[in-house]
Amino acid sequence: MITSFLLPSILLTAQLQNGCPIPSRNASLSLENRLSRFKRVELTGNLEQFTKGDLKAVNKLVEAAQLLDRVYIRQMAPGNDQLFDKLVECSKEQPELLQLFKLFRGPWDLVDQEEPFIEGVKARPDTANFYPPDMSKDEFESWLRTLSVEKRQEAEGFYHVIKRDERRNLYVVPYSVEYKDLLEPASKLLQEASNLVSDPSLGRFLSNRGRSFLTNEYLESELDWVNVSDKSPLEITVGPYETYDDKMNSYKASFEIFIHARDFESSALLKVFEESLPEVEAHLPIDEKYKNKQLRSTPIVVVNELFNGGDATVPMTAAYNLPNDEQAIKRGGSKLVIIKNVQERKFENILVKIAELLLDPEQMKYVNFEAFFNHILLHEVSHSNGPHETVQSPIVPIRSKLQEYHSTLEEAKADITGLFAAKLLSDKGSFKQVSMESFYVTYLASAFRSIRFGLNEAHGRGQAAQLNYLIDQGGFVYDSASERFRVDFLKIEKAVENLVKEIMVIQGDGEKYKAEKFLNTYGINRGYTKLALKKLENIPIDIQPRFTITESQFN
């Protein structure tokens, strides 16, 4: 018997059979095929460097991660948490549905144009669960104009949801109130972990971050995170950070947690990059007014991932540069975390196989892990380069002007600026074992790895835009006879410079129509890309982790 499972939302109406959700009948892929796209890998790190207190703290943090999973599931869409409960209840009848939900934290396939894989589920809402599902962008903008400066900052800020009262008027609710049932116990676990870890600076961050969950004030604990000692064997990132799920405005932050073991040896090797930001900024091919005058050296930490939770879906994060809060960056700068074991698994299981199918065989010799690793590093560092506020008065954060296009353009900027920085540093002799040919060719292969995440995902669409632009500029070449791609080493450097300039000028001008035009022109899959993606169908899209430090409901 098939019935409808009405969730507290106009957006999710899953159909049930014998009381359980069922797979979508018209889906483009079977459940088995969806799961097969993710290569199962083990992830661990060096636990010998941990004290007994550190290990006990990890157990507390894993418990907190499971709570933040629930927060993030709730953030993704109205009724999403009730759907998860139903899938857990029906796990014996539909184990594949539950496994897919755990991978994506929702009923939408995040690497297949967000197609629902549960019957009756509607399209993923641009509002996520940060705004009323029936609220339009025009209504939101009109409401903003009625608010005081303080209330408008909350409405446009990272840490408040927007709701309706009984008269359908909009109002703001702090995260600390909206998710109180989950954040209070998570806060307690962070406080307990803070008393167990061996490094005092990490303990201070965990303690203050736990308080942030209760007070909804995150600025000071953001600064504590940036200043965690490089002697700490544990590297913990926890809190509301990324805004990708707010597709309407890119304002609202999603909760995540990453539990890492620091790789001291690799971190020491990368100290040279911490001082590279100002030099890269000075050589950017843009007018002085677009350059960032408030750059700080970026601490770089290399880690191996032990566990994650919340906004940590597939495709797996390989690196991140945080915080995203502009005020925190102004006061304390940012920190770059490079996740080495995730990068290694992605390279060996995915990128090499993509290169073998799509690249000119003569250029395969240039594909190597060091180029892949160092470009991801430079990508994250390059988020700091270029304009972060508009150059014309009134000067405001770029994300507030570009809104739904901001995340995609920012990821594209970091990608291409990272490649520009690689050339600058290579000319100085910073890379002893990596040639620029390797950087360019490995970057080309990696473009298709990201595009496979889908054009609804910021990194995927950003890479599509770069690929098409660089082909139009002659830096990359598609040979229709062999159906393979190669780098034109004589043209690629200038093509990269042109793209850096185009993106940064769009950002600095803060004119949304320019961002829309650029992405509508280049952020698409042209014929050669569609053909290439077809050839990659039997290669995993990403990795699926099994964390050996412990077992969790999301393993």
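This text walks through one sheet of a predicted model, a helix that lies across the sheet, and one buried residue.

Start with the sheet. Its five strands follow the order 9-10-11-13-12, and the sheet is open, with mixed pairing. Strands in a sheet are joined by backbone hydrogen bonds, and the pairing can be parallel or antiparallel. The edge positions belong to strand 9 (234–240) and strand 12 (319–322). Each of these two has a single partner strand, so one side of each has no neighbour in the sheet. From one strand to the next, the twist averages 35°.

Now look at the edge formed by strand 12. Strand 12 pairs with strand 13, residues 335–339, in the antiparallel sense, and four bridges link the two. One position to find here is Tyr320, whose bridge partner in strand 13 is Val337.

Next, find the helix that crosses the sheet. Helix 2, residues 52–76, lies across strand 9, strand 10 (255–262) and strand 11 (300–310). Relative to strand 10, helix 2 runs at about 155°.

Finally, turn to Val226, which is in helix 10, residues 219–226. Is Val226 buried or exposed? The relative accessible area of Val226 is 6%, and a residue under 20% counts as buried, so Val226 is buried. Leaving aside residues up to four places away in sequence, Val226 touches Pro323, Gly332, Gly333, Ser334 and Lys335. Arg526 lies 300 residues from Val226 along the chain, and the C-alpha atoms of these two residues are separated by 41 Å.

Note on methods: Residues are numbered from 1 along each chain as its sequence is written. This is a predicted model: local features need pLDDT of at least 70, side-chain atom pairs count only at pLDDT 80 or more; totals for chains, interfaces and linings use all residues. Side-chain values use heavy atoms; hydrogens and water are left out. Two strands pair if DSSP finds at least two bridges between them. Axes are lines fitted to C-alpha atoms, for helices over the stretch in contact, and angles run from 0 to 180 degrees between N-to-C directions. Contact means heavy atoms within 4.5 Å. Buried means under 20% relative accessible area, exposed over 50%, partly exposed in between (1.4 Å probe, protein chains only).
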